[in-house]
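Here's a quick briefing to read with the model open in your viewer. It goes through pockets, cores, charge pairs and a couple of histidines, topic by topic.

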Amino acid sequence: PGAARLAARNADQKDIDTMENLLKEMEESIQMHHVRITKELEFHRSIARATKNPVIIRIVPLIMEAIQKTYREAPRTPEDHREALEEHQKVLTAIRAHNQEEAYQAMRQHLENSLKRTLSKKQVAAHA
């Protein structure tokens, strides 16, 4: 959430264009049922780059590794990806408006929802 807040403050038009394009690609892949986590991860990387903070930019690959491991252990459904896309769109809307608090809250909600989706998948896998 802090990175989204900083991105809302520091993002330039190129950063916003990149995020918009990634979300369009995510939406297209969901519609075509070719859902993968790569575009979602790239969206989060684009937020990190938009912070203009070199420390955040260097830490993000470590976080992405953990997310990829979790995703392999608890794969998402197309519905999960649709929900994540809607959440990402809220984050982008706030960043585009340079609304730091809204960006923080939207990312916080996305991460909380993502955790719930992950835990529900792990529970299902444990009962299988």
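Helix 4 is the top contributor to the lining of the largest pocket, giving nine residues. Keep in mind that this is a predicted model. The pocket in question has a volume of about 590 Å³, and a search of the whole structure also turns up 11 salt bridges.

**The largest pocket**

- The lining comes to 29 residues, and the ones nearest the pocket's centre are His-44, Ile-63, Met-64, Ile-67 and Leu-111.
- Helix 4 (54-73) isn't working alone: helix 1 (2-10), helix 3 (38-51), helix 5 (78-96) and helix 6 (100-127) are also on the list of helices that each put at least two residues into the lining.
- If you're thinking about the chemistry of the lining, it splits into 19 nonpolar, six polar and four charged residues.

**The largest cavity**

- There's one cavity of 30 Å³ or more in the structure, and the space inside the largest cavity is about 30 Å³.
- Its lining is made up of Met-26, Ser-29, Ile-30, Val-35, Arg-36, Glu-40 and His-81.
- Helix 2 gives the most here, with three residues.
- Sorted by class, the cavity lining has three nonpolar, two polar and two charged residues.

**Nonpolar cores**

- As background, nonpolar side chains tend to be buried together in soluble globular proteins.
- The largest nonpolar core here counts 20 residues, and Met-19, Phe-43, Ile-47, Val-91 and Ile-95 have the most contacts inside it.
- At least two residues of this core come from each of helix 1, helix 2 (13-31), helix 3, helix 5 and helix 6.
- A second core, separate from that one, has six residues, with Ile-37, Leu-41, Val-60 and Tyr-71 among them.
- What does Met-19 touch, leaving aside its neighbours within four places in sequence? Its contacts are Phe-43, Ser-46, Ile-47, Ala-50, Leu-92 and Ile-95.

**Salt bridges**

- Side chains of opposite charge can pair when their charged atoms come close.
- Asp-12 and Lys-52 make one such bridge, at 3.4 Å from N to O. Asp-12 sits in the loop between helix 1 and helix 2, while Lys-52 sits in the loop between helix 3 and helix 4, so the pair ties together parts that are 40 residues apart in sequence.
- Both ends of that bridge are partly exposed: Asp-12 has a relative accessibility of 35%, and Lys-52 comes in at 42%.
- Arg-96 and Glu-20 pair up through their side chains at 2.8 Å, N to O. This one links distant parts of the chain, with Arg-96 in helix 5 and Glu-20 in helix 2, 76 residues apart.
- Arg-96 is partly exposed at 39% relative accessible area. Glu-20 also counts as partly exposed, because its 21% falls between the 20% cut-off for buried and the 50% cut-off for exposed.
- Lys-39 bridges to Glu-25, and their closest N and O atoms are 2.7 Å apart. Lys-39 belongs to helix 3 and Glu-25 to helix 2, 14 residues apart.
- Lys-39 is partly exposed, at 31% relative accessible area, and Glu-25 is partly exposed too, at 33%.
- Asp-12, Asp-15 and Lys-52 are joined into one network by salt bridges that share partners.

**Two histidines**

- Where does His-88 lie? His-88 is part of helix 5.
- Is His-88 buried or exposed? With 0% relative accessibility, His-88 counts as buried.
- Leaving aside neighbours within four places in sequence, His-88 is in contact with Leu-23, Met-26, Glu-40, Phe-43, His-44 and His-110. Some of these names have come up already: His-44 is one of the residues nearest the centre of the largest pocket, Phe-43 is in the largest nonpolar core, and Met-26 and Glu-40 help line the largest cavity.
- His-33 is found in the loop between helix 2 and helix 3, and His-33 is exposed, with a relative accessible area of 62%.
- For a sense of distance, His-33 and the core residue Val-91 are 23 Å apart in space, C-alpha to C-alpha, and 58 residues apart in sequence.

How values were computed
Residues numbered from 1 in each chain as written. Predicted model: local features only at pLDDT ≥ 70, side-chain atom pairs only at ≥ 80, totals over all residues. Heavy atoms only, no water. 1 Å grid on protein atoms, 1.4 Å probe; cavity = no way out; pocket = protein on both sides within 12 Å on 5 of 7 lines; lining within 4 Å. Points joined across faces, edges and corners; volume = space filled by probe spheres on them. Helix = DSSP H or I, 4+ residues; strand = E, 2+ residues; numbered from the N terminus. Nonpolar A, V, L, I, M, F, W, Y, C, P; charged D, E, K, R; others polar. Core = buried A, V, L, I, M, F, W, Y, C linked by side-chain atoms within 4.5 Å. Buried < 20%, exposed > 50% of the residue type's maximum accessible area, 1.4 Å probe, protein only. Contact = heavy atoms within 4.5 Å. Salt bridge = Lys/Arg side-chain N within 4 Å of Asp/Glu carboxyl O.
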